[in-house]
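Take a walk through this model, pockets before rings. Keep the 3D view open and follow along.

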Amino acid sequence: MSKFLSKDYLSIKPYVPGEQPKIDSLIKLNTNESPFPPSNKAIEEATKVLNKLNLYPDPECTELRKTFASKLTNNLTEKNIIVGNGSDEILYLAFMSFKDNGFVFCDITYGFYGVYAKISGAKYKEIPLKKDYTIDIESLINSKENIVIANPNAPTGIAISLKEIERIVSSNRNRLVIVDEAYVDFGADSAINLVEQYDNLLIVQTFSKSRSLAGARVGFGIANEEIIKDLNLYKYSLNPYNINKISLALACGVINDEEYTQGNISTIITTREYTVEALKNLGFDCLNSKSNFIFVKNDKISGFELYTKLRQRKILVRYFDKDRLREYVRITIGSKNQMEKLIEETKNILEELK
Ligand code: PMP
């Protein structure tokens with residue numbers, strides 16, 4: 001660290017992203033990316049803008065916001081939408097913009113919430129997940145702080161119902177409730193239809209998972225117009241051109257290729273259920289995932305040992321060195337072939353322990 005770093009940041013422990021190693025023929029199941037390439041329509045749209053890159057992108061992302069809104073089944077318009085450089089950026093804007101009441105989130109959840117809370121200088125509180133790794137809804141009713149929930153949660157993959165979300169939102173009308181729906185397309189219910197009714201709800205979504213655009217960095221905030229204006233205040237004070245032209249075009253293209261997206265989602269869900277069944281047959285406990293990843297453990301092997309042995313076999317999964325998570329590994333659902341290989345190698349690893 002240089003002598004110039006602000007003391008405000010001395011205690012920040014940055015988020016550690018999953019590895020992106022350059023190992024040939026690696027089966028990469030560690031960062032919840034899609035195994036499928038971006039839609040052809042998206043690529044077609046993106047190629048059209050390449051010769052226009054001498055110009056800045058539209059800071060308002062008007063076409064993308066309109067296209068996104070046009071597919072919603074409620075009365076929301078582009079005024080209810082902000083686009084972020086990944087949903088991470090929307091979360092960052094929200095933590096910075098709405099920090100005065102502090103934040104509450106689960107002790108086991110997306111690691112960035114704690115980092116953003118810290119860097120914003122906000123007070124924050126972590127509530128423990130219950131013994132079965134589900135969220136303690138009661139502790140989020142009539143909260144003193146703004147609430148941040150990932151639904152489904154990460155890395156557990158467990159979802160809560162729309163009714164439970166509404167209970168939390170309706171009991172906290174003077175607190176903001178941020179629902180991070182990064183993985184919602186894989187089997188949970190979105191709370192997007194509650195936005196019209198509740199001015200204290202901010203939904204965060206991403207095109208990184210179900211829409212195969214992790215590398216393009218496109219995320220969305222969906223909320224009451226006033227909340228969107230507040231987020232824009234910060235965005236325009238930070239980086240007005242936050243989404244590049246290529247990503248804007250890719251995102252518009254993929255919205256207009258819903259058939260491709262839905263096909264991929266349903267394949268991932270089928271492959272998830274296949275993988276869970278096979279791992280259960282090998283003695284694994286699998287939390288009930290509604291995501292494109294599963295969180296699994298086997299009493300015969302620690303999370304770290306399984307992670308290490310799979311890595312030696314060129315299969316990369318995610319291991320978290322944290323209380324209550326050490327026994328587990330998180331496995332992204334890849335293609336059927338990748339999962340067959342994972343299951344085969346896991347079986348070999350368990351055999352070798354005998
Ligand atoms: N929320 C959750 C729960 C996530 O796991 C991730 C992915 N790491 C994100 C948000 C951010 O995704 P992105 O910035 O790619 O949209």
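The domain bounds used here come from an automatic or database domain assignment. The model itself is predicted. With those bounds, there is a domain 1 (20–36 + 259–352) and a domain 2 (40–256), and each gives at least three residues to the lining of the largest pocket.

Start with that pocket. Why roll a probe over the atoms? A probe the size of a water molecule shows where empty space is left. The largest pocket has a volume of about 1,300 Å³. Its lining counts 49 residues, and the closest to the centre are Tyr-15, Val-16, Tyr-110, Gly-111 and Phe-112. Four elements give two or more residues to this lining: α3 (87–97), β3 (103–106), α4 (112–120) and β4 (124–127). Which of them has the largest share? It is α4, with 5 residues. By class, the lining splits into 24 nonpolar, 12 polar and 13 charged residues.

Now move to the second largest pocket. Its volume is about 560 Å³. Here 25 residues form the lining, with Leu-72, Asp-185, Gln-205, Arg-211 and Glu-258 the closest to the centre. Both β7 (201–206) and α8 (258–281) supply at least two lining residues. The most comes from α8, with 3 residues. The class split of this lining is 11 nonpolar, 8 polar and 6 charged.

Next, the rings. How many aromatic pairs does a search of the whole structure find? The count is 23. One of them joins Tyr-56 and Tyr-241. Their ring centres are 4.3 Å apart and their planes meet at 10 degrees, so the pair is stacked; the cut-off for stacking is under 30 degrees. Tyr-56 sits in the loop between α1 (40–49) and α2 (62–70), and Tyr-241 in the loop between α6 (225–238) and α7 (245–255). These parts are 185 residues apart in sequence, so the pair ties distant stretches of the chain together. Are the two partners exposed, or partly exposed? Tyr-56 is exposed, at 63% relative accessible area. Tyr-241 is partly exposed, at 37%.

Ring pairs also build a cluster. Its members are Tyr-15, Tyr-92, Phe-95, Phe-103, Phe-105, Tyr-110, Phe-112, Tyr-113, Tyr-116, Tyr-124 and Tyr-234. Some of these names have come up before: Tyr-15, Tyr-110 and Phe-112 are among the residues closest to the centre of the largest pocket.

Charges sit over rings as well. Arg-324 lies over the face of Tyr-133, 4.6 Å from the ring centre. Arg-330 takes a place over the face of Phe-293, at 5.6 Å from the ring centre.

Finish with two residues and the spans that start from them. Arg-167 belongs to helix α5 (residues 162–170). Its relative accessible area is 39%, so Arg-167 is partly exposed. From Arg-167 to Val-296 there are 129 residues in sequence and 30 Å in space, C-alpha to C-alpha. Asp-107 lies elsewhere, in the loop between β3 and α4. Asp-107 is partly exposed too, at 22% relative accessibility; buried would need under 20%. Asp-107 and Lys-309 are 202 residues apart in sequence, and 28 Å apart in space, C-alpha to C-alpha.

Note on methods:
Residues numbered from 1 in each chain as written. Predicted model: local features only at pLDDT ≥ 70, side-chain atom pairs only at ≥ 80, totals over all residues. Heavy atoms only, no water. Phe/Tyr/Trp six-rings, centres within 6.5 Å; stacked < 30°, edge-to-face > 60°. Buried < 20%, exposed > 50% of the residue type's maximum accessible area, 1.4 Å probe, protein only. Lys NZ or Arg CZ within 6 Å of the ring centre and 35° of its normal. 1 Å grid on protein atoms, 1.4 Å probe; cavity = no way out; pocket = protein on both sides within 12 Å on 5 of 7 lines; lining within 4 Å. Points joined across faces, edges and corners; volume = space filled by probe spheres on them. Nonpolar A, V, L, I, M, F, W, Y, C, P; charged D, E, K, R; others polar.
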